[in-house]
Protein chains: 2
Amino acid sequence: MTKKLGNIENEDFTEKIQAELIKRGSRALEEARKAVLDEEIECKKAMEALNYFMTTYWQDLARPTLLSMCCEAVGGDPDKVIPFAIPLILISGALDIHDDIIDQTKVKNDLLTVYGKYGYRIALLTADALLFKGFHLLQTACVQIPKRKAKIIMDAVTTMFYQVGDAETLELALRKKKKISPDEYIHIIKKKAADVEAHTFIGAVVGGGKQEEQKSLREYGRCLGMLFIIIDDIADMFNPHEISHRLKKEHPPLPVVYSLSKDYKKTDTYIKKIKSIRGQLSLKALKDFLDIVYQTGAFFETQRIIEDIAFNARMSIDNIRMLNNQLQMLLEALLYEAKKFYNYLHHAKVL
Amino acid sequence: MTKKLGNIENEDFTEKIQAELIKRGSRALEEARKAVLDEEIECKKAMEALNYFMTTYWQDLARPTLLSMCCEAVGGDPDKVIPFAIPLILISGALDIHDDIIDQTKVKNDLLTVYGKYGYRIALLTADALLFKGFHLLQTACVQIPKRKAKIIMDAVTTMFYQVGDAETLELALRKKKKISPDEYIHIIKKKAADVEAHTFIGAVVGGGKQEEQKSLREYGRCLGMLFIIIDDIADMFNPHEISHRLKKEHPPLPVVYSLSKDYKKTDTYIKKIKSIRGQLSLKALKDFLDIVYQTGAFFETQRIIEDIAFNARMSIDNIRMLNNQLQMLLEALLYEAKKFYNYLHHAKVL
């Protein structure tokens with residue numbers, strides 16, 4: 001999430017969003033870091049891995065920012081979300097490490113993952129440390145607020161995980177499938193978006209939003225989460241390392257799923273070719289693959305679904321009392337990211 | 001823990017302890033099972049793995065029994081620990097799955113582990129489901145008690161994990177070491193015993209024990225936990241499958257650590273021989289290995305440390321107002337388990 005938001009260029013709102021991420025996210029991130037690294041750990045390797053993850057790798061400004069914006073959007077004091085933002089940064093970080101172990105992802109956003117740097121054993125124990133610390137701090141935060149609210153938040157965190165976890169196991173099954181229906185994959189994307197939804201919803205709850213505001217921000221979060229995932233899928237299409245990894249170790253990104261459903265034979269033949277390549281995929285091979293996917297109309301289908309979701313996202317925040325220009329800006333910044341990739345395609349920089 | 005307590009034979013207290021385990025542990029275990037399996041999960045494979053773990057594999061009667069006994073020992077109503085026993089069963093189960101992934105343990109106590117049956121990906125997601133559910137239920141239980149007590153319990157759970165996690169990363173480093181000092185390994189065993197200590201301590205807290213009673217039961221738990229681990233290590237020495245796995249994928253059990261420190265060359269030569277054997281270790285080879293370890297005096301050293309710990313355990317519960325005959329019985333049942341292995345050795349059934 002962070003990286004994506006951090007990459008936006010040449011638009012008025014870019015600087016604004018980046019400033020918001022730093023303003024709203026930094027304190028929680030810094031406190032999360034301190035909370036983890038203050039703990040006494042004898043094993044140097046484990047301490048080193050935790051330190052690496054918390055200071056170099058996990059620059060998660062997006063989640064605390066979302067909490068803060070949604071809290072303020074319903075009239076709450078954004079500082080009130082910090083005690084919740086800290087544990088959620090840690091819990092999300094732990095799940096990110098688990099994802100990397102599951103997908104055998106050694107490098108992400110040009111950085112070695114904890115799994116890539118320290119192996120799965122240390123990675124698993126690092127994630128455990130983050131989870132235990134995270135749940136402890138979440139409990140501490142919950143004790144400070146009315147029981148009813150605390151229950152809503154804990155329920156949201158658990159439901160969120162069950163949906164994300166469920167989506168991940170459903171994703172595992174996709175790997176072995178020859179034909180993935182786009183609807184099936186979009187259903188999984190929707191479940192995975194429970195992560196972002198939980199953050200926008202908890203922000204609204206902590207901020208004291210009305211029932212309908214909570215519902216709207218929940219819907220907004222779900223849409224935003226889906227867009228994050230779909231645009232990540234598009235980004236993977238333009239990165240030789242990522243697309244190889246996706247096709248070899250995971251399941252194809254959304255444009256490829258559409259492409260397979262439209263011209264299975266042509267798409268699958270090229271996928272097999274990519275899978276057979278050892279080492280780095282050449283730019284030529286990547287361009288040829290993008291060409292095939294483009295010809296099937298898969299990118300248009302992907303664009304169509306992005307527009308549908310963006311429409312729902314805009315609708316959902318129409319009734320939020322204040323600051324919805326920031327939530328709007330966040331959405332548009334994300335959509336601009338997608339647009340950049342489409343510009344590549346349409347202006348034949350790639351094709 | 002459970003298996004060990006379940007295996008005691010031919011002693012008066014055996015039946016009593018087994019009855020206690022069922023009486024005190026079953027309800028929490030049943031409710032933990034229900035809580036996990038009631039959750040809506042779409043992925044059939046994940047549901048199947050959760051179901052397998054909770055109904056066939058994780059017969060964790062020992063932890064709820066310890067909670068219950070320690071609560072009652074300080075004059076509390078043992079039913080009060082059930083809301084804490086349920087999440088602790090789930091969290092401990094998740095950590096057990098993580099251990100199996102780390103040690104690549106496919107079979108334990110003659111049962112396939114979740115890792116062995118479903119692979120590391122599904123195992124990891126199963127453990128996550130248990131952790132999230134566990135922490136949710138722990139939070140729910142904490143809301144029902146005074147804030148001060150809730151904080152003590154959450155602190156204990158987190159400290160427990162940090163110690164166990166730390167011990168596990170220290171253990172990973174042992175694998176690559178040629179010479180492990182017995183003191184170093186016993187230090188790790190002590191850290192790992194934080195698991196059992198947390199349970200006896202939380203039982204005392206929920207039961208409303210006085211400060212000194214809490215401290216005593218904490219000490220008792222630490223000793224009991226160490227004994228569980230050491231006796232497990234002894235048991236591994238008598239099981240061809242386990243000893244092979246320990247020497248090939250993990251680090252040597254305590255008697256072998258002593259043996260290495262007493263006669264490195266002789267012990268190490270035989271370890272290398274065992275490591276080179278593919279497939280099942282023959283009973284002859286196992287007997288030869290036990291013989292070498294026995295000759296170095298390593299089993300006597302192990303016995304000496306067991307007696308020291310048992311002495312501390314007995315001392316620690318001397319001042320507990322009631323029911324310490326049950327805690328005593330639990331301790332003696334465990335020591336009897338060790339005695340059985342020593343009888344094997346001394347009566348030349350093995351040697």
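A residue counts as buried when its relative accessible area is under 20%, as exposed when that value is over 50%, and as partly exposed in between. With that scale in hand, Tyr57(A) of this predicted model counts as buried, because its relative accessibility is 9%. Phe53(A) is also buried, with a relative accessible area of 1%. These two residues lie 4 residues apart in helix H3 of chain A, which spans residues 44-57, and are therefore separated by about one helical turn. An α-helix has 3.6 residues a turn, so residues three or four places apart point the same way.

The rings of this pair belong to a wider aromatic picture. Over all chains, a search of the whole structure finds 27 aromatic pairs. One of them is formed by Phe53(A) and Tyr57(A), whose ring centres are 5.6 Å apart and whose planes make an angle of 20°, an arrangement that counts as stacked. As recalled above, Phe53(A) is buried at 1% relative accessible area. In chain B, the rings of Tyr294(B) and Phe300(B) have their centres 5.8 Å apart, but their planes stand at 50°, so this pair is tilted. Phe300(B) counts as partly exposed, at 44% relative accessibility.

Aromatic residues of both chains also come together in one cluster, formed by Phe132(A), Phe135(A), Phe161(A) and Tyr162(A) with Phe132(B), Phe135(B), Phe161(B) and Tyr162(B). Elsewhere, aromatic rings are met by charged side chains: the charged end of Arg218(A) sits over the ring of Phe201(A), at 4.1 Å from its centre, while in chain B the charged end of Lys117(B) sits over the ring of Tyr52(B), at 4.8 Å from its centre.

How are the two chains related to each other? Chain A is superposed on chain B by a rotation of 180° with 0.0 Å of shift along its axis, and the RMSD is 0.0 Å. The two copies are thus related as by a two-fold rotation axis. The same surface serves both copies, in that 100% of the contact residues of chain A recur in chain B.

Turning to the single chain, we find that chain A has 16 helices and 2 strands. Its radius of gyration is 20 Å, which agrees with the value near 20 Å that a compact globule of 351 residues would have. Along its principal axes the C-alpha trace of chain A spans about 60 × 50 × 35 Å, and buried residues make up 61% of its 351 residues. Of the contacts in chain A between residues at least 6 apart in sequence, 77% join residues at least 24 apart. The accessible surface of chain A comes to about 14,600 Å², and 50% of this belongs to carbon and sulfur atoms.

Two aspartates may be considered in turn. Asp166(B) lies in helix H7 of chain B, residues 147-176, and is buried, with a relative accessible area of 3%. Once its neighbours within four places in sequence are left aside, Asp166(B) is in contact with Ile41(A), Glu42(A) and Cys43(A) of chain A, and with Phe161(B) and Lys191(B) of chain B. Lys191(B) is itself one of the buried residues of helix H8 of chain B, residues 182-192, and Pro182(B), Tyr185(B), Ile186(B), Ile188(B) and Ile189(B) are the others. The cover over these buried residues of H8(B) includes H7, H9 (194-206), H10 (211-237), H11 (240-249), H12 (254-262) and H15 (298-316), helices of chain B. Asp232(A), by contrast, counts as partly exposed, at 37% relative accessibility, and is found in helix H10 of chain A, residues 211-237. The C-alpha atoms of Asp232(A) and Lys147(A), which are 85 residues apart along the chain, are separated by 38 Å.

Finally, two loop residues deserve a look at their backbone. Most residues other than glycine have a negative phi. Gln104(A), however, has a positive phi, near 55°, without being a glycine; Gln104(A) lies in the loop between helix H5 (82-103) and strand E1 (107-108) of chain A and counts as partly exposed, at 25% relative accessibility. In chain B, Asn109(B) likewise has a positive phi, of about 50°, although it is not a glycine. Asn109(B) is found in the loop between strands E1 (107-108) and E2 (111-112) of chain B, where it counts as partly exposed, at 42% relative accessibility.

Conventions. Residues are numbered from 1 along each chain as its sequence is written. Chains are lettered from A and ligands numbered from 1 in the order in which they are written. This is a predicted model: local features need pLDDT of at least 70, side-chain atom pairs count only at pLDDT 80 or more; totals for chains, interfaces and linings use all residues. Side-chain values use heavy atoms; hydrogens and water are left out. Copies are superposed by least squares on the C-alpha atoms of residues with pLDDT of at least 70 in both. Contact means heavy atoms within 4.5 Å. Rings of Phe, Tyr and Trp (its six-membered ring) pair if their centres lie within 6.5 Å; planes under 30 degrees apart count as stacked, over 60 as edge-to-face and the rest as tilted. Buried means under 20% relative accessible area, exposed over 50%, partly exposed in between (1.4 Å probe, protein chains only). A charge sits over a ring if NZ of Lys or CZ of Arg is within 6 Å of the ring centre and within 35 degrees of the ring normal. The radius of gyration is taken over C-alpha atoms; the globule rule is 2.2 Å times the number of residues to the power 0.38. Accessible areas come from the Shrake-Rupley method with a 1.4 Å probe; for residues, only the protein chains shown count as cover.
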